[in-house]
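Here is a brief report on cysteines, one helix and one sheet. Look over the sequence and the fold before reading on.

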Amino acid sequence: MVCEVNFDGLVGPTHNYSGLAHGNVASMTHEGLVANPREAALQGLEKMKSLMDAGYAQGVLPPQQRPDLGALRALGFTGSDARVLSRAAEEAPQVLRAVCSASSMWTANAATVTPSVDAPDRRVHVTPANLQSSFHRYLEPETTARVLAAIFRDERHFAHHPVLPSTPAFSDEGAANHTRLCGDHGEAGVHLYVYGRQAFGGDGVEPRRFPARQTLEASQAVARQHGLCAAQTVFAQQHPDAIDAGVFHNDVIAVGNGPVLLYHEMAFRDEQGTLDALRAKMATPLIPVRVPAEAVSLDDAVASYLFNSQLLSNPDGTMTLVVPGECQEREAVWRCLQGHLLAGSNPIAEVVVKDVKQSMRNGGGPACLRLRVALSGEERAAIAGRVLLDDALHFDLTTWIERHYRDRLAPADLADPQLAHETLTALDELTRILKLGDVYPFQLA
Ligand code: SUG
């Protein structure tokens with residue numbers, strides 16, 4: 001049986017608020033706050049554990065090596081690690097902040113994944129996202145590719161593609177802009193790719209205030225790499241006004257699962273055209289669940305991350321929506337959840353609230369924190385490493401976090417050479433817990 005495994009990113013020990021993400025309102029607003037990396041990692045792990053306990057298959061992906069001293073050395077900082085860090089802090093503090101970001105926690109941006117049932121060669125296809133639209137995230141794909149190749153190692157079941165060219169025309173942010181709509185997860189699906197701008201040609205209708213991160217050309221290239229044909233794909237432009245309101249990825253304004261597409265009326269530039277295209281290609285009737293702006297304003301959607309929820313399938317055919325705690329704090333959003341969504345005629349039968357505030361302050365909700373991978377039983381069995389969560393792994397990760405993580409981290413602490421040392425020690429141990437082999441630059445040097 002095919003079922004979806006959510007691979008959540010473990011929050012790394014350098015989690016901090018540096019305001020690095022332009023166009024991401026939460027990241028911009030919380031710049032300079034003191035972060036609590038331990039709480040962040042435990043909040044993420046608690047979400048994983050509670051979904052595992054509720055019967056959903058749950059995986060985990062490790063954080064990245066930060067500070068990225070290799071990136072600093074490539075930028076001309078030389079000497080001992082401590083010297084490299086102190087010079088960067090003095091001469092290029094923004095660069096230091098970028099190489100310390102724990103942004104790999106948002107694994108919805110790690111890659112785009114196509115399940116084997118849709119691929120011509122019946123393998124699961126993976127393309128790590130280039131994340132070239134910001135320097136701190138551009139640093140992720142190399143290690144991401146290594147980690148995904150270590151886990152999905154068996155070539156009989158998994159195919160890995162090169163990261164797209166790291167240039168604005170092929171700007172790719174991974175699964176955050178990709179939704180697969182289908183009947184059951186094991187049935188053939190239609191892939192909805194949402195892009196913010198078109199690099200070549202197009203009519204030039206684009207956001208004016210904030211950058212559009214995903215290009216049509218990138219989405220098309222990923223679909224091509226995975227062997228998908230026109231009958232299996234729909235490419236839709238995101239509404240430019242939504243991007244300008246802080247919707248930097250489609251998963252901040254829409255979420256789909258099975259035949260259900262939950263979306264805000266401002267999600268797509270051409271709402272009707274997008275729905276029509278999906279309906280024309282899907283084998284199962286589409287169940288659109290539309291939230292009008294009069295029920296939830298764009299600002300409320302961005303502040304609450306209502307749409308950055310996980311929509312999960314239950315064995316009885318119903319669905320559970322896992323929303324961030326911020327949804328409870330906005331009256332209109334909470335009302336919409338209770339009245340419009342739960343009471344409406346759609347499969348959503350339950351709302352579960354999760355506290356991921358540490359991540360939310362950087363613009364990452366429950367859905368950002370996970371990469372969805374639909375796998376058959378055989379494919380699940382072919383996974384390498386110890387990355388599928390069970391009680392024993394949960395215990396090992398909890399004690400690992402409690403041993404290694406600080407409970408306070410301000411941007412000014414990032415130059416501390418002791419932090420770099422602590423992180424490497426922690427990550428080295430983590431690769432043994434997860435049985436991944438050597439995946440980090442410091443282990444491969
Ligand atoms: O790329 N925030 C991330 C949040 C990503 C959320 N992912 C999805 N919506 N799928 C980003 O904007 C902030 C980091 C900082 O400011 O330190 C950051 O990168």
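Contact here means heavy atoms within 4.5 Å. The model is predicted.

**Helix 8.** Seven of the 10 residues of helix 8 (residues 216–225) are buried, so the rest of the structure largely encloses this helix. The buried ones are Leu216, Glu217, Ala218, Ser219, Ala221, Val222 and Ala223. Their cover includes strand 3 (111–114) and strand 4 (124–128), along with strand 7 (190–195) and strand 8 (233–237). Just after helix 8, Gly227 has a positive phi of about 80°.

**The sheet.** Three strands form an open sheet in the order 3-4-5, with mixed pairing. Strand 3 and strand 5 (158–160) are the edges: each has a single partner strand, so one side of each lacks a neighbour in the sheet. On average, neighbouring strands of this sheet are turned by 20° against each other, direction ignored. Strands 4 and 5 run parallel and are joined by three bridges. His125 has Ala159, in strand 5, as its bridge partner. Helix 7 (residues 141–151) packs on the sheet and touches strand 3, strand 4 and strand 5. The direction of helix 7 makes about 160° with that of strand 4.

**Cysteines.** How many disulfides does the structure hold? Zero. A pair would need its sulfur atoms within 2.5 Å. The two cysteines below are too far from their closest cysteine sulfur for a bond. Both count as buried.

| Cysteine | Closest cysteine sulfur | Sulfur distance | Relative accessibility |
|---|---|---|---|
| Cys3 | Cys182 | 12 Å | 19% |
| Cys327 | Cys336 | 9.3 Å | 0% |

Terms used
Residues numbered from 1 in each chain as written. Predicted model: local features only at pLDDT ≥ 70, side-chain atom pairs only at ≥ 80, totals over all residues. Heavy atoms only, no water. Buried < 20%, exposed > 50% of the residue type's maximum accessible area, 1.4 Å probe, protein only. Helix = DSSP H or I, 4+ residues; strand = E, 2+ residues; numbered from the N terminus. Pairing = 2+ DSSP bridges. Axes fitted to C-alpha atoms, helices over the stretch in contact; angles between N-to-C directions.
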